[in-house]
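Dear colleague,

Please find below the structure that I am handing over to you. My notes on what was found in it follow directly after.

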Amino acid sequence: MATTERIHGPMKEPDFLNVKKGIGSWLYTLDHKRIGMMYLFGILFSLLLGGAFALLLRTELWSPGKTIVSQDTYNQFFTLHGAVMVFLVIIPGIPAALGNIIMPIQLGAPDVAFPKLNLASFYLWTSGALLLVIAIPFGGLDTGWTLYTPYSLESKTPVLIAVLGVFLLGFSSIFTGLNFLVTIHKFRPQGMSWFSMPLNIWAIYATAIMQVLATPVLGITVLLLAVERFAHIGIFDPTLGGDPVLFQHFFWFYSHPAVYIMIIPAMGVISEILSTFSRKPIFGYRFIAYSSISLALLSFLVWGHHMFVSGQSRLANMVFSALTFTVGIPAAIKVFNWVATLYKGDIRLKVPMLYALSFLLLFTIGGLTGLFLGILSVDVHLHDTYFVVAHFHYVMMGSTLVAFLGALHHWWPKFTGRMYSESLGKVCSIGVFFGFNLTFLPQFVMGARGMPRRYWDYDPQYQIFHQLSTIGAFVLGMSLFITVIYLMASFKIGKKATRNPWGGSSLEWQAPTPPPLYNFEKPPVLHELYNYDDLVEVGENDWQRIGETYDPDDHDDHGEAHVEAKTAPAAEPVAAKVEPVAAKADDPKESADEAKPDAKPEADDNKEPS
Amino acid sequence: MSSPRKRLSRGARVLVAIGLSASLTSILAFSLFQGTANAQPTGSAGSGTPAGSGTPTPMPMPTPTTGSGSAVLEAGSGSAAAGSGSAAAGSGSAVDTGSGSAGSGSAATVPVAPVAPVGGKPPATKITVVPCGKTPSKVIVKAGDGAREYGFSLAITDPKRDPALHPNDVEVNDIIEFQLGGSVNVIPDTSSDPNLEAPAGKTTCVSVNGEGVFGFHSSTNIRGKFIAKPWYTRLAERKVEDDNGGTFWMPRAVNSAADGSDQMFYAVFALSAFFFIAIAVAVIYLVVKYRHRPGHRAEKSATHNDALEITWTIIPTIICVFLFWYGWRSYIHVVTPPTAAVEISVTAQRWTWEFRHSNGVKDVDLHVPVGKPVRLVMTSTDVLHSFYAPVLRVKQDIIPRRYTYAWFDPQKPGTYRLNCAEYCGTNHSQMGINSEGRRAVVVVHEPGKYERYLADKQALESNMAPDALGRMLYEKKGCNACHSIDGSARIGPSFYKDFGTMVPLASGGPVKMDENYIRESVLAPQAKARPGYPASMPSFEGSLKEAEIEGIIAFIKSLK
């Protein structure tokens, strides 16, 4: 607005990346975006570590018997691959990293409700991650990521260090969930009702419920495990009078909701991406929002389906099988609604959209193969085979990680201010899709044929499937590696990103790119959700809302950009102009080390890319 | 937001129609699958994999004589019954060339080894010189004067060989025929087998009436050995037949109790394929049709449609109810054994199986009769394991200090894969592997053979030479998981050529490896532990009889 420009003069508020310099300004930051960025780098590093274990174990499985390593080393490979990927990558991937960066901006808020707790969560995550990584030189971990007793009570590997790590990671997750719950409840701007929140916020909200309610059980479980290992009190060890199956109940009481902690945020970002790149409102907003919440609640009731052959009673099996099928219903609703969103759209196959479409197909396969495992009699045959391995990789990797990559490419320009290489991005997203399917489709076949999981040695009959799978894993690994490389390179050589490169309608696209410390230089204007009628493409990767102007600094490539209504959209766009309530709630003075929003910029924001 | 439309749009109507037809199709599919109880699963016949379909054993190793003990035991039933039994089995598994002879040769065979008197104490394992005669059940060893087509140099142990093909193996009571050239004598390696001597220039036939390893060498110092094994072990060593008569997706179905499970698999497969293809086609069609291109813009359409959305909520709900219900119905069948079942006790331990039968016979392989329900009562001595035989579609975790159960009704004789499906540590993928690299299997016996197995095995176990008993225990008790017998490194020290040597101790000071040291190490493994090995060996106090400890000592002694 003209008044804003007159008041602030030509000086532009520095973005959050440049507001302060030095390593200390990152380590002590209370800014949600910086914390999110630190999560992101930790997660990308963990992804490469977990991926390295995956490639090592796939290499070992190239031939029956020993290919490169012995049984014990292989057992460590799959344990560490699972533990790193689950606890360090997939669980915090979308909520802690991207959720932290994007969710408050999407709410039009300056930060999360408890910035210090947010930083504490990050350091808990870091400590937990370090403990898990430290366990590797101290003898690794060979219990499987599931830590089943009594094996984990007897294992000679440093289980104590690892479970302490898991304990801390659990608290990190709980604090993040708590923080997000309060943020979503309290920091929504006036005018944003529950049913005008972006679906991403709904998903993060559903996730946060589960994080807060389920994760304490994980903490208690690993604590009991540690006590039993340390003090030989009989809890899970049958020789001390304990019950090893009890551990499985405890473990899955957390770890089943954990699957939804992984997948629901993915569903949230996919809703955003599909809508934005189809230029269409999401179809059946309420059904999707309700299905997120119902998935979150149902996820607490189905843990027993991991234990159909564990010796659990038939009655329990029957109840858990029935409940398991109820989970299929909201998942199916979402898929149908996403497909319907494409109808009569104007579909732009940018990198995030390619990932979103991959997600649609992969999640469908992951969900449908879950039906096999929910059926009691079929699960008896398929349980603990590669069929299960393939199924949960379709959900956790094919869906969650692909959605994470889509979300990363969707919001990368917003929080880094740089565009990545579109062509490399497309090549890699296709590489991820084909590499992934080549890796895991053969695993369905060999699993149904009776190949058990966690096998170092196998019958030669399965070799062809293992070899296809290994080739696929390398295609996938290579694509992910190149993705990380070009994303990092974009900091140096990427083109400057505009304020709204994809034409998104939610509030984060009104913030400057990258956003300043408190996200908005002026209060964002709430428009109708997922309405793209008055967003117009004014250049390559540059969209503007009709009738609005922004600080010209944002549009280096196009100079003064004033958009005229090229079309005649009939909708009345502006709903309410609001001040985010949070702006008052969060006194800048409390954010001790942060620069004031109106502080002088310490660096030249407009430095050209070298 | 625009108000919900009263009337479904054209696209919505198409989607509703697809959804309804899908649910109808699936319900129809279930009723059909459920209706045809014994029908073959879809596409089973044509799509079977060729892998290993009845590869005949290259070596035309003649199979079973009934043997001395069994001949006596079978006297009542008569050889005709045995013959007809195998004929029936032959028609059942036409591809199985090897097993066709199992039993059929027995009728013609003259028992050659000394017959144990009924009720009397059976003689110890020994080698007997027998008349050669024209009989199919013999192994020919040729040597000398350039004629060395089989035996001797070929008979050197190669641990990586396919056990089913190994030329060392002979069946108990097989006739081993030495066809020796002019200047070659055969001399036994140990003085306990004097009958293994065969003079130069002559044809000599010997037979052995029990399990054991028999080393010999020629006067030209070519070494060889043969390993005598009973018929049921030879059966267990055959290539597993899981993929004979299976489909692309599933191995052969052997357990009639699990037919419902297979029908569910294929029904859900059809349903999933339908939905996946429908969704994939819809996504691709919509993406191509509404892709962005110059001049193309998004069109207005409903942002939601309650009727449509309720439809596609109800359809999955109906499908899920059906899936659950038929899953439960077929499952309750899989877990409810009939009252009259052959009961077998199972003990799983790292990393071997022990199957105990009604008459006390123990084995690492699971031998069961065809056509009779079998119930397993299972427990573990250490960590979790899981009994999993893919052809039976049976899987059940095995829990320490608790019994879990499984049952099945095997319908097709054969040798099948047996796996541990719950991660149990180092050798999880090789549960029950023996020193020859063969993993434990499930053997479904042709009619009548299971009873013979029980009797023969019991007879053999009671007259086993101490070192043969020791070898059997070495494999059955899982010693082989950690201790090699050829000097190669494993988790524990190798037994090879150790006896009588001075071995170093972790607590300092070497000790002579004698009978007492072995005894102590079996009963209290950590008392005099060797350096450089983890303290992971359990004590066998109470689980080994005195004679069995002696057997292990004799076995270790024999490894020179």
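In these notes a residue is called buried under 20% relative accessible area, exposed over 50%, and partly exposed in between (1.4 Å probe, protein chains only). This is a predicted model, in which local features need pLDDT of at least 70, side-chain atom pairs count only at pLDDT 80 or more, and totals for chains, interfaces and linings use all residues. Residues are numbered from 1 along each chain as its sequence is written, chains are lettered from A and ligands numbered from 1 in the order in which they are written, and side-chain values use heavy atoms, with hydrogens and water left out.

Confidence

The pLDDT is the predictor's confidence in each residue, from 0 to 100. Its average over chain A is 87, and 88% of the residues score at least 70. Residues 1–10 of chain A have a pLDDT below 50, and this stretch makes five contacts (heavy atoms within 4.5 Å) beyond near neighbours in sequence. The pLDDT is also below 50 over residues 554–610 of chain A, where the model has 100 such contacts. Where pLDDT is low, the predicted coordinates should not be read in detail.

Two buried residues

Helices here are DSSP runs (H or I, at least four residues; strands are E, at least two), numbered from the N terminus. L362(A) belongs to helix 12 (residues 351–374) of chain A. L362(A) counts as buried because its relative accessibility is 1%. Leaving aside residues up to four places away in sequence, L362(A) touches seven residues named here: Y394(A), G398(A), S399(A), V402(A), F433(A), F436(A) and N437(A). Of these, V402(A) is 40 residues from L362(A) in sequence and 9.0 Å away in space, C-alpha to C-alpha.

S490(A) is part of helix 16 of chain A. Its relative accessibility is 2%, so S490(A) is buried. With the same sequence neighbours left out, S490(A) touches W412(A), R418(A), M419(A) and Y420(A).

The interface

Between chain A and chain B, 90 residues of the former contact 87 of the latter. The buried area (accessible area lost by two parts on being put together, 1.4 Å probe, summed over both) is about 7900 Å², and carbon and sulfur atoms give 64% of it. The rule finds six salt bridges (a side-chain nitrogen of Lys or Arg within 4 Å of a carboxyl oxygen of Asp or Glu) across this interface. R402(B) forms a salt bridge with D243(A), with 2.9 Å between the closest N and O atoms.

Yours sincerely
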